[in-house]
Amino acid sequence: MGTPRQTTELQLARLKVALDQHTAKLTAAGKTAESFKDDAKWRKLEGDSRQIRARLRKISEVEANNVEVARLKAEREAAAG
């Protein structure tokens, strides 16, 4: 079983704060947005952020599927009884 939505959203929020802080640090050091990709820590934070956003998309898909299954089950039970 994967992580719950609430935990995943909390992870993303914390990661966003860390990414924003590191981006501010790079900007203060005179780096441009195009040169951020040369920084290993920025790439790691950005990659982790992308990964967690993908997990959230998958959680949404699973939740939508669960709602549809519950709806179909209720319709089936109503038709049978």
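Helices and strands are DSSP runs, the former of at least four residues and the latter of at least two.

**Figure 1. Overall fold of the protein chain in a predicted model.** The secondary structure consists of two helices and zero strands. Along the principal axes, the C-alpha atoms occupy a box of roughly 70 × 20 × 20 Å. The radius of gyration of the protein chain is 20 Å, whereas a compact globule of 81 residues would have one near 12 Å. Of the contacts with a separation of 6 or more, 64% join residues 24 or more positions apart.

**Figure 2. Surface and charges of the protein chain.** The accessible surface is about 6,300 Å², and carbon and sulfur atoms account for 58% of this area. Of the 81 residues in the protein chain, 19% are buried. The chain carries 17 positive and 12 negative charges. The mean position of the positive charges lies 5 Å from that of the negative charges.

**Figure 3. The largest nonpolar core.** Ten residues make up this core: L12, L15, L19, L26, F36, W42, L45, I52, L56 and I59. The elements that contribute two or more residues are α1 (5-28) and α2 (40-80). Helix α2 supplies the largest share, with five residues. In soluble globular proteins, nonpolar side chains tend to be buried together.

**Figure 4. Surroundings of L19, one of the core residues.** Which residues does L19 contact when its neighbours within four places in sequence are left aside? They are W42, L45 and E46. Two of these partners, W42 and L45, also belong to the largest nonpolar core.

**Figure 5. Surroundings of H22 in helix α1.** Is H22 buried or exposed? H22 counts as buried because its relative accessibility is 7%, and the cut-off for buried is under 20%. Apart from neighbours within four places in sequence, H22 is in contact with D39, K41, W42 and L45. Residues W42 and L45 are thus contacted by H22 and are also found among the contacts of L19.

**Figure 6. D20 in helix α1, shown with N65.** D20 has a relative accessible area of 40%, so this residue is partly exposed. This value falls between the limits of 20% for buried and 50% for exposed. D20 and N65 are 45 residues apart along the chain, and their C-alpha atoms are separated by 34 Å.

Methods. Residues are numbered from 1 along each chain as its sequence is written. This is a predicted model: local features need pLDDT of at least 70, side-chain atom pairs count only at pLDDT 80 or more; totals for chains, interfaces and linings use all residues. Side-chain values use heavy atoms; hydrogens and water are left out. A nonpolar core is a set of buried Ala, Val, Leu, Ile, Met, Phe, Trp, Tyr and Cys residues joined through side-chain atoms within 4.5 Å. Buried means under 20% relative accessible area, exposed over 50%, partly exposed in between (1.4 Å probe, protein chains only). Contact means heavy atoms within 4.5 Å. The radius of gyration is taken over C-alpha atoms; the globule rule is 2.2 Å times the number of residues to the power 0.38. Accessible areas come from the Shrake-Rupley method with a 1.4 Å probe; for residues, only the protein chains shown count as cover. Lys and Arg count as positive and Asp and Glu as negative; His and the chain ends are not counted. The place of a charge is taken as NZ of Lys, CZ of Arg, CG of Asp or CD of Glu.
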